[in-house]
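The following note was prepared for a colleague who wishes to examine the model closely. Please read the numbered points with the structure open.

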Amino acid sequence: MRESASLMMRGDKLQPELAAALEGSEAGAIYEVYVHKASAEDAAFFLETRAKVQEGIDALEAGDVVDAEELYAELEQKFGIVINR
């Protein structure tokens with residue numbers, strides 16, 4: 001099995017993820033798409049990062065957020081420091 005490949009595609013045939021990575025695509029334009037198999041380390045880092053981002057999104061959606069000014073005040077009081085804003 002090959003580890004990488006390159007092909008040409010019309011903009012309107014790109015998968016949504018590819019178009020998003022390009023921040024949009026032109027329907028009639030031709031794009032060269034290059035793919036290669038990620039290393040085990042890169043794949044693990046990607047999956048870990050994606051899971052952490054999803055945790056943050058889930059926390060925001062659940063309302064588990066802290067006001068920055070309140071946090072700064074709490075840290076200043078707890079540690080006796082001044083945080084420059």
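1. Which side chain meets that of Arg10 in a salt bridge? The partner is Asp12, with 2.8 Å from N to O; a salt bridge here is a side-chain nitrogen of Lys or Arg within 4 Å of a carboxyl oxygen of Asp or Glu. Arg10 is partly exposed at a relative accessible area of 39%, and Asp12 is partly exposed at 43%. For these terms, buried denotes under 20% relative accessible area, exposed over 50%, and partly exposed the range in between, with a 1.4 Å probe and protein chains only.

2. The basis of the values should be stated early. This is a predicted model, in which local features need pLDDT of at least 70 and side-chain atom pairs count only at pLDDT 80 or more, while totals for chains, interfaces and linings use all residues. Residues are numbered from 1 along each chain as its sequence is written, and side-chain values use heavy atoms, with hydrogens and water left out.

3. The salt-bridge count comes to 2. Besides the Arg10 pair, the side chains of Glu48 and Lys52 form a salt bridge at 3.1 Å, N to O. Both residues belong to helix 2 (residues 40-61) and are 4 residues apart, about one turn of the helix. Glu48 is partly exposed at 44% relative accessibility, whereas Lys52 is exposed at 51%. As general background, side chains of opposite charge can pair when their charged atoms come close.

4. The secondary structure consists of 3 helices and 2 strands, arranged along the sequence as β-α-β-α-α. The radius of gyration is 22 Å, well over the 12 Å that the globule rule gives for 85 residues, so the protein is more spread out than a compact globule. Helices (H or I, at least four residues) and strands (E, at least two) are DSSP runs numbered from the N terminus. The radius is taken over C-alpha atoms, and the globule rule is 2.2 Å times the number of residues to the power 0.38.

5. Other whole-chain values may be set beside that radius. The C-alpha atoms fill a box of roughly 60 × 30 × 25 Å along the principal axes. Buried residues make up 8% of the 85 residues. The protein exposes about 7500 Å², of which carbon and sulfur atoms supply 57%; these areas come from the Shrake-Rupley method with a 1.4 Å probe, and for residues only the protein chains shown count as cover. Among contacts with a separation of 6 or more, 34% are between residues 24 or more positions apart, a contact being heavy atoms within 4.5 Å.

6. How far apart in space are Glu3 and Lys37, C-alpha to C-alpha? They are 5.4 Å apart, although 34 residues separate them in sequence. Glu3 is in the segment before strand 1 and is partly exposed at 47% relative accessibility. Neighbours within four places in sequence aside, Glu3 contacts Val35, His36 and Lys37.

7. Ala5 is located in strand 1 (residues 4-10) and counts as partly exposed at 26% relative accessibility. With sequence neighbours within four places left aside, Ala5 contacts Val33, Tyr34 and Val35. The C-alpha atoms of Ala5 and Leu71, 66 residues apart along the chain, are separated by 49 Å.

8. Glu23 merits inspection of its backbone. Its phi is near 60°, a positive value in a residue other than glycine. Glu23 lies in the loop between helix 1 (16-21) and strand 2 (30-36) and is exposed at 76% relative accessibility.

9. Helix lengths can be compared with an expected span of 1.5 Å times one less than the number of residues. For the 22 residues of helix 2, 32 Å is expected and the end C-alpha atoms are 31 Å apart, which agrees. For the 12 residues of helix 3 (residues 68-79), the expected span is 16 Å and the end C-alpha atoms are 16 Å apart, which also agrees.

10. The helix ends have features of their own. Just after helix 2, Gly63 has a positive phi of about 80°. Helix 3 is followed by Gly80, with a positive phi near 65°. At the start of helix 3, a side-chain oxygen of Asp67 comes to within 3.1 Å of the backbone nitrogen of Glu69. Leu75, also in helix 3, is partly exposed at 28% relative accessibility and touches Gly80, Ile81 and Ile83, not counting residues up to four places away in sequence.

Technical notes:
Polar contact = N/O pair within 3.5 Å; in protein donor to acceptor, adjacent residues only side chain to side chain.
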